Amino acid sequence: MEVYAERNDLLRELGFKDYKTYLRSSLWKGIRQRKLELDPNCYGCDRNDSTAILQIHHSAYTRENLTGNSLEHLWTLCDRCHRWCEVTRAGYKRDPFQATKEMFRVRKLMLSRRHMKYDTHALIR
């Protein structure tokens, strides 16, 4: 996908061999830590680091968020929600825009399930 090629070009401009190298860098680890401190729960299902492995989803790759000058377009997701958002049922990787659209759908689904759970408890009492 073109968006990933553009991301990789930008990362090479910043001095990184590839995305995997970037994710291992102290720069990314610092950005990730700052985002997790601001948003310590999964945006999709609201789990936190005591119940899930938390990751950071890029809804867009910009020079500002890749260098840590902005946390815009970064979302905290647990590994389950991140995989759900980024990979289709058929196993294809979504582009960041489509993955983010799916992330909002997942959040809406999880919130409706949570409300149904609470409504069911209220009916039992």
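E102 lies in helix α6, which spans residues 96-124. In this predicted model, E102 is buried, with a relative accessible area of 11%. The points below take up the surroundings of E102 and then two further helices, α1 and α3.

**Surroundings of E102**
- The side chain of E102 forms a polar contact with the side chain of R105, at 2.7 Å.
- When residues up to four places away in sequence are not counted, E102 touches W84, C85 and R94.

**Helix α1**
- Helix α1 covers residues 2-13, a run of 12 residues. From first to last C-alpha, α1 reaches 17 Å, close to the 16 Å expected at 1.5 Å a residue.
- Y4, R7, L10 and L11 are the residues named as buried in α1. They occupy an arc of only 120 degrees around the axis and therefore lie on the same side of α1.
- E2 and E13 are exposed on the other side of α1.
- Just after α1, G15 adopts a positive phi of about 100 degrees.

**Helix α3**
- Helix α3 comprises 13 residues, 26-38, and its first and last C-alpha atoms are 18 Å apart, close to the 18 Å expected at 1.5 Å a residue.
- W28, I31, K35 and L36 are the buried residues of α3. Because they cover an arc of only 130 degrees around the axis, they fall on the same side of α3.
- The buried residues of α3 pack against two helices, α2 (19-24) and α4 (63-67), and against the strands β1 (54-58) and β2 (74-78).
- On the other side of α3, the exposed residues are S26, K29 and E37.

Conventions. Residues are numbered from 1 along each chain as its sequence is written. This is a predicted model: local features need pLDDT of at least 70, side-chain atom pairs count only at pLDDT 80 or more; totals for chains, interfaces and linings use all residues. Side-chain values use heavy atoms; hydrogens and water are left out. Helices (H or I, at least four residues) and strands (E, at least two) are DSSP runs, numbered from the N terminus. The expected span of a helix is 1.5 Å times one less than its number of residues. Buried means under 20% relative accessible area, exposed over 50%, partly exposed in between (1.4 Å probe, protein chains only). The arc is that of the directions from the helix axis to the C-beta atoms. A polar contact is a pair of N or O atoms within 3.5 Å; within protein, one must be able to donate a hydrogen and the other to accept it, and residues adjacent in sequence count only if both atoms are side-chain atoms. Contact means heavy atoms within 4.5 Å.
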